[in-house]
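Colleague: I am new to this structure and would like a close look at a single part of the model. Could you take me through the strands and their surroundings with some care?

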Amino acid sequence: MTALLTGLTVGDLSTGLAGVYAARLCHELGATVHRPAGLPVRFSDAGTGGLPAARAALTGYLTEGSLPAGPGAVESADLVLDDGTLDVAALRARRPEVVVVTITDFGSTGPWTGRPATSAVLQAAAGSTAWRGEPSAPPVQAGGEIEQYLAGAYALAGALACLRGAARTGLGDHLDLSVLEATNLGLTTFGTTHASLWGHEGTDFPGRSVQIPAIERTRDGWVGLCTISARQRQDLMVLVGRPDLADDESLAYGTARQQRQDELKAAIVDWAASLTTAEVVDLASAFRIPVAPVGSGDTLLDNEQLRERGFFTTGADGLTRPGPPLRFTGDGTAPSRPDTGDRDGLPLAGLRVLDLTAWWAGPASTHLLAALGADVVKVESARRPDGMRLSFVADPTARQWWEYGPVYFALNTNKRGIALDLSTSEGAAVLGDLARRADVLIENFTPRVLDSFPLDWPAVRRDNPRLVTVRMPAFGLTGSWRDRTGFAQTIEQASGLAWTTGYPDGPPLAPRGVCDPLAGVHAALACLAALRHRDRTGVAGTVEVPMLELAVRASFGQLAAWQVAGIAPQRLGNRDPSHAPQGVYPSAEPDRWIALSVRDDREWAALAGLIGQPARTAGQRRHHHDEIDEAITRWTRRHPPAELVAALEAHGVPAAVVTGPGRLTGNPQLAHRRFFEPVDHPVAGTHVVPGLPFRSARHDVRWNRTAAPTLGQHTAEVLTEWLGLTDQDIATLAEVTADWPDAYDNGRSE
C-alpha cells in the first residue's frame with residue numbers, strides 16, 4: 001500500500017482502544033508513530049472472549065510499528081493523540097501549529113466528564129441498546145466494542161482535516177472527541193432525528209425490534225439476508241414461495257412488517273432451513289438480494305472473497321491478521337496549485353467534492369467533509385434519487401414526501417444538491433465537466449455502475465490530473481463477490497460483527513448500521529490522506545475503501561482468539577468476559593432498563609452493599625453471575641431508572657439508563673456539548689440532527705449549518721459557479737437536469 005502519510009509524525013499518548021486504533025491507522029498509512037514504552041492499552045473484550053493470549057495478540061497488533069517515545073517526541077509531533085492526561089493548552093501555546101485529539105468516553109467538558117464507563121454503559125446512554133432485540137426480551141448491546149473503532153476513525157479523519165487547515169494557515173487545533181457521541185452516530189441509525197420527524201421526541205422511539213429478514217439458520221450453518229428496497233423484499237418473498245406477500249403493498253411499511261413478523265419470519269425460516277448456506281447465497285445473489293454467509297472467528301480466514309483479494313497478512317507474531325484499510329493507485333503527476341481556502345475558514349474550506357454516493361456509507365463520508373468546510377455537490381436524478389429518500393416518515397400521498405427521510409435528512413446537511421440524469425450522454429458529459437473542476441469524486445455504487453456511465457473517464461483524469469477518486473465498494477473492486485449488492489447489515493453479517501451480537505441462546509444479530517458510518521469515516525480519512533499525498537508528491541489517484549475489509553479489521557479479536565486458542569467467541573447478550581456482573585436490568589417503570597458493569601473488586605464492594613451480596617472475587621462473580629443477576633434484579637425492580645443510576649454513580653459503579661433515541665435531546669451531557677443541532681428544512685420543517693463527535697477549540701461552530709438539499713435544489717447555482725454556464729445553457733439541459741416528475745412538483749410552485 002502507498003504510504004500516504006509519509007512525513008507525518010504522531011505522538012500517541014492514548015490508552016483507550018479508540019486512540020490506539022487511530023495510531024494504528026497512522027502507522028499503516030506511513031506516518032511515524034511515537035508511543036511511550038509500557039503505556040497500557042485498555043479494553044474489556046473487543047471480540048477476544050476475554051482470553052489473555054487473544055487480548056495480548058490484539059494489543060500487539062494495535063501498537064505494532066510504534067516507536068518508543070524518547071525525550072521531546074510528543075513535543076515535536078505534528079499530531080498528538082491523547083486520553084485527557086496531556087496539558088493541551090500549554091503545548092498549543094508553545095506550538096500553535098500542532099493538532100491534538102483528546103479522546104474520552106464523554107468528552108472533556110460537561111456534567112458527565114470523568115464518569116466511569118464501559119462499552120455497555122456507553123451504548124445504553126447513546127441510544128443504541130434500547131432499540132435492539134426482541135420486544136419480549138431485554139434490549140441487547142452490540143458486541144465487540146465496535147464503537148471504539150468508529151471513534152478512532154473519527155479521531156484520525158478530524159485530525160487530517162485540521163492538519164490540512166494548518167498547512168494553509170499555520171494554525172492547528174484541539175479536537176475534544178466523545179466516544180458517547182461517536183456511538184450515537186454509528187449505532188442508532190439517527191433515531192433522534194427519526195423521532196423528531198415523526199413527532200415522537202421525548203419518548204423511547206423507535207421501539208425495540210429485530211429486522212426481518214435477518215440471520216437465518218440453514219441446513220449447514222447461518223446465512224444473513226436483508227431487504228432494503230421494495231424490489232428486494234418482493235423478490236425474496238417470491239424466492240421463499242410466498243408471492244402473495246410480494247404483492248401485498250401494506251408490507252412496504254415497517255410497522256406492518258413488525259405487526260406481521262411471525263408470518264414473514266415463518267416463511268423465511270422454513271425456506272432457509274431447507275437449503276445449505278451456499279444455496280441460499282447463490283439464489284439470493286441471482287436476484288441481487290443482499291446476502292452473505294455469517295462470518296465468525298473460525299470461518300473468516302476461509303472467506304473466499306478475502307482470500308481472492310489477498311487481504312490477510314502475517315504478522316511478526318506469526319498470526320494472520322487483517323490487511324490495510326485502503327488501496328491506493330496513483331494516476332500520474334498532478335501540477336501543484338495553491339490552496340484557495342479562506343484563512344479563517346473551516347479546515348476544508350476551498351475543497352471541491354463531487355458526491356455520487358447514496359444510502360448511508362457514502363453520504364457519511366461526504367457529510368464529514370462538508371461539516372468541516374468542503375463544498376460538497378451531491379448528484380441525484382429523478383431516475384436515481386438517493387435511496388435513503390425512500391426510507392421516509394411522511395404519508396406517501398403527501399406533497400414532497402421524499403424530503404422526510406430521517407437518514408437522508410441527517411447525513412446530507414451542508415451539501416448542495418443537483419439533479420442530473422447520468423444515463424444520458426448529455427448528463428454524463430455534464431458530470432465529466434464537473435469532475436474536471438473537482439478535487440475529489442466519491443462514489444459507492446457497485447463497481448459495474450460507474451463504468452457503465454457514457455463517459456470517457458481516462459479523458460477526465462487526463463484533463464484533471466489532480467482529481468482524487470474515492471471508491472467504496474461493499475466487497476472490493478475485484479474478487480468473485482465484486483458485483484454483489486451489500487448494505488450495512490450484509491457487511492455486519494459477513495464480517496463477524498453480528499456473530500458476537502445477540503442473546504446467548506438466539507441467532508446472531510446485526511448491530512444494525514454501524515458498518516455504514518465505519519466505512520464512511522474511513523473513506524473520509526482515506527480521501528484526506530490521499531489529498532495530503534497529492535499535495536506533497538504531486539501524485540493523485542484512486543482510493544479503494546471496501547466495506548467488508550474495514551469491518552473484518554474490527555473483528556480481529558475474534559480471529560486472534562481462534563488462532564491462539566482454537567475458540568470462536570460466542571454471543572454473551574449483555575454480559576462481558578472481563579466485567580462481572582454486567583447486564584441490562586429492569587427498573588420499576590414498565591420496559592425501562594438500566595445497564596451496569598462491575599470492573600473490579602472495589603466496584604463490586606460498592607454494588608454488593610446496595611444489593612445485599614457478600615464479598616466475591618472476580619472468578620466467583622463470573623461463576624455466580626446468574627445468582628447475582630437475580631439479586632440485582634430484585635433491587636432494580638423497586639426503583640425508577642434515574643434513581644438507580646444516581647445511586648450507582650454515587651458509588652463509582654459504571655451505569656446508565658438504557659435510553660431510547662427519542663429521549664436523547666434531554667441528556668445533560670449531550671446538551672452541554674451541543675451535540676444535537678436544530679436544522680430548518682424548507683419542506684420538512686425544523687428538526688434535530690446530530691453533529692460531529694468532537695468539539696473544535698479553533699472553530700466554535702455548528703456542524704450542521706444548512707439543511708439537506710431538496711432534490712435538484714442547487715442545480716442552476718452549481719452549474720453556474722463550477723462550469724460558468726448561463727441561464728440559456730442550463731435551459732438547454734432541462735431534460736437531463738429535471739429534478740422530479742412534474743406530477744410531484746419540487747416546491748418551486750403550487
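Modeller: In this predicted model, a good place to begin is strand β1, residues 9-12, which pairs in the parallel sense with strand β2, residues 32-35, over three bridges. Within that pairing, G11 has H34 of β2 as its bridge partner. Both strands belong to an open sheet of seven strands with mixed pairing, whose order is β3-β2-β1-β4-β5-β6-β24. The edges of this sheet are taken by β3 (67-68) and β24 (694-696), and because each of them has a single partner strand, one side of each is left without a neighbour in the sheet. As background, strands of a sheet pair through backbone hydrogen bonds, either parallel or antiparallel.

One strand of this sheet, β5, also takes part in a pocket. The second largest pocket has a volume of about 700 Å³, and of the 31 residues that line it, T15, G16, R42, D105 and A117 are the closest to its centre. Two or more lining residues come from each of α1 (17-28), β5 (99-104), α4 (119-126) and α5 (146-169), and it is α1 that gives the largest share, three residues. By character, the lining of this second largest pocket divides into nine nonpolar, 13 polar and nine charged residues.

For a contrast in pairing, turn to strand β19, residues 582-586, which is joined by five bridges to strand β20, residues 593-597, the two running antiparallel. Here Q582 stands opposite S597 of β20. The two strands form a hairpin with six residues between them, and D591, in the turn, has a positive phi of about 55 degrees. Strand β19 is mostly covered, with five of its five residues buried. In a regular strand the side chains alternate between the two faces of the sheet. In β19 both faces are covered, since Q582, V584 and P586 on one side are buried, as are G583 and Y585 on the other.

Some backbone details in the loops also deserve attention, given that most residues other than glycine have a negative phi, and most peptide bonds are trans. The loop between α7 (191-198) and β7 (215-217) holds P206, and the peptide bond from F205 to P206 is cis, with omega near -5 degrees. P213 also lies in the loop between α7 and β7, and a cis peptide bond, with omega about -5 degrees, joins I212 to P213. Elsewhere, W359 has a positive phi of about 65 degrees although it is not a glycine; W359 sits in the loop between β13 (352-356) and α14 (361-371), and counts as partly exposed at 27% relative accessibility.

Terms used
Residues numbered from 1 in each chain as written. Predicted model: local features only at pLDDT ≥ 70, side-chain atom pairs only at ≥ 80, totals over all residues. Heavy atoms only, no water. Pairing = 2+ DSSP bridges. Helix = DSSP H or I, 4+ residues; strand = E, 2+ residues; numbered from the N terminus. 1 Å grid on protein atoms, 1.4 Å probe; cavity = no way out; pocket = protein on both sides within 12 Å on 5 of 7 lines; lining within 4 Å. Points joined across faces, edges and corners; volume = space filled by probe spheres on them. Nonpolar A, V, L, I, M, F, W, Y, C, P; charged D, E, K, R; others polar. Buried < 20%, exposed > 50% of the residue type's maximum accessible area, 1.4 Å probe, protein only.
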